[in-house]
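Trainee: I'd like to learn how to read a protein structure, one feature at a time. Can we go through one together?

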Amino acid sequence: MVAGPTTGAPGGSDAAPIGVAVKWVDLRPEVDRLTGHVAGDERFAGCSPADRAALEWALRIGAAWDREVVVVSAGPTAVDDLLRDGLAVGAARAVRVDQPVGAASEEVAAGLATVLDDCGLVCCGDWSVDRGSGAVPAFLAARLARSQALGLVSVEVADTDGRTGRLRAVRRLDHGRREILDVAEPAVVSFEGGTATLRRAPLAAVLAARDAHVDVVAGPSGRHARVRTVRTGPARPRARALPPPDQTLGPRERILALTGALVEHTPARTVVTDDAEVAADLVVDQLRAWGVVQGPTMAGITTSDEATSGPSRRDG
């Protein structure tokens with residue numbers, strides 16, 4: 001947890017603010033199971049639990065260091081409602097980077113970096129709920145040329161002298177291990193979603209934030225992503241490679257061989273019985289007939305009528 005204000009903690013009106021980068025995403029997307037098309041609805045948009053935890057940590061650290069908190073996001077005009085929610089819980093300023101929805105992580109980081117360059121500490125969520133790559137905090141640290149501490153599970157404000165803020169952070173590692181980090185400004189940190197619960201805004205602050213001003217800056221003009229999405233669609237299995245028919249056959253025989261029109265098939269049938277063991281035997285027999293299960297076909301009941309009216313093979 002975050003400790004209270006410490007002796008010599010950085011502060012003052014001219015101290016570098018704390019920045020928070022949050023992502024506006026659809027929390028309840030509808031996906032077409034046939035085509036894979038994702039239909040979004042702005043009514044259900046917001047930020048992920050990790051971003052909400054990052055905002056809460058920034059507010060706690062800002063209170064301990066006597067710093068202002070600036071909440072920043074990239075996206076269209078609809079993002080302003082999310083930023084005003086950040087103002088309602090205690091952020092001092094809100095800035096939106098005007099970018100289209102679905103921009104690449106490197107493009108988003110390039111736009112956020114223009115706003116967060118004057119912030120001493122930048123807090124982010126470790127991953128979002130749409131793609132979950134967690135790449136924006138790393139790209140942001142690279143853009144700002146700062147140290148990074150990603151995937152933090154807890155933070156406490158360390159004692160410090162002068163105007164540089166310091167944090168004692170714990171990061172999750174594989175196999176249940178933890179890493180303790182001493183983080184000094186300037187730095188970019190990201191938090192897991194379960195590390196903190198965002199405080200509830202008072203009603204007066206919510207009403208005041210409805211008309212609060214949100215600064216808007218233009219996004220980067222050029223594309224910075226090395227990988228661009230060319231086309232999206234449903235996953236299609238690869239076609240099976242089948243041997244060609246006998247070349248000595250005539251056209252008609254070759255078509256029949258390709259379509260399997262004259263090949264004898266075992267038709268599917270409906271099992272109507274209350275006996276689970278009889279039904280299981282019928283299913284296994286059918287799978288053996290189709291060649292899915294290897295082994296001789298078990299003798300006995302062969303039709304659904306016999307399954308309902310005839311004696312079970314276990315009865316002789």
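Mentor: Sure, let's take burial, salt bridges and surface patches in turn. Keep in mind that this is a predicted model.

Trainee: Let's start with Q99. Where does Q99 lie, and is Q99 buried or exposed?

Mentor: The general idea is that a residue counts as buried when its relative accessible area is under 20%. Q99 has a relative accessible area of 6%, so Q99 is buried. You'll find Q99 in the loop between β7 (93-98) and α3 (105-116).

Trainee: Which residues is Q99 in contact with, leaving aside its neighbours within four places in sequence?

Mentor: Have a look around Q99: the contacts are A74, G75, P76, E107, V108, G111, G219 and P220. With E107 there's a detail to zoom in on, as the side chain of Q99 reaches the backbone oxygen of E107 at 3.0 Å.

Trainee: Now salt bridges. How many salt bridges does the count come to?

Mentor: To read one, look for a side-chain nitrogen of Lys or Arg within 4 Å of a carboxyl oxygen of Asp or Glu. By this rule the count here is 10. One of them pairs D215 with R93, at 3.7 Å from N to O.

Trainee: Which parts does the pair of D215 and R93 tie together?

Mentor: D215 sits in strand β13 (residues 215-218) and R93 in strand β7, so their salt bridge ties together parts that are 122 residues apart in sequence. Both are partly exposed: D215 has 24% relative accessibility, and R93 has 32%.

Trainee: What about R166 and D182?

Mentor: Their side chains meet in a salt bridge too, at 2.9 Å from N to O. Since R166 is in strand β10 (residues 166-172) and D182 in strand β11 (residues 178-184), this pair ties together parts that are 16 residues apart in sequence.

Trainee: And R96 with D98: which of the two is buried?

Mentor: R96 is the buried one, with a relative accessible area of 6%. D98 is partly exposed at 43%, and the two side chains meet in a salt bridge at 3.4 Å from N to O. Salt bridges can also form a network, as with E56, R60 and R199.

Trainee: Last one: which residues make the nonpolar surface patch?

Mentor: L27, W127 and V129 make a patch of about 270 Å². Take W127 as an example: at 46% relative accessibility, W127 counts as partly exposed. W127 is found in the loop between β8 (121-125) and α4 (136-144).

Definitions and conventions:
Residues are numbered from 1 along each chain as its sequence is written. This is a predicted model: local features need pLDDT of at least 70, side-chain atom pairs count only at pLDDT 80 or more; totals for chains, interfaces and linings use all residues. Side-chain values use heavy atoms; hydrogens and water are left out. Helices (H or I, at least four residues) and strands (E, at least two) are DSSP runs, numbered from the N terminus. Buried means under 20% relative accessible area, exposed over 50%, partly exposed in between (1.4 Å probe, protein chains only). A polar contact is a pair of N or O atoms within 3.5 Å; within protein, one must be able to donate a hydrogen and the other to accept it, and residues adjacent in sequence count only if both atoms are side-chain atoms. Contact means heavy atoms within 4.5 Å. Patches are made of residues with over 30% relative accessible area and no salt bridge: like charges are joined within 9 Å, nonpolar side chains (Val, Leu, Ile, Met, Phe, Trp, Tyr) within 5 Å. Accessible areas come from the Shrake-Rupley method with a 1.4 Å probe; for residues, only the protein chains shown count as cover.
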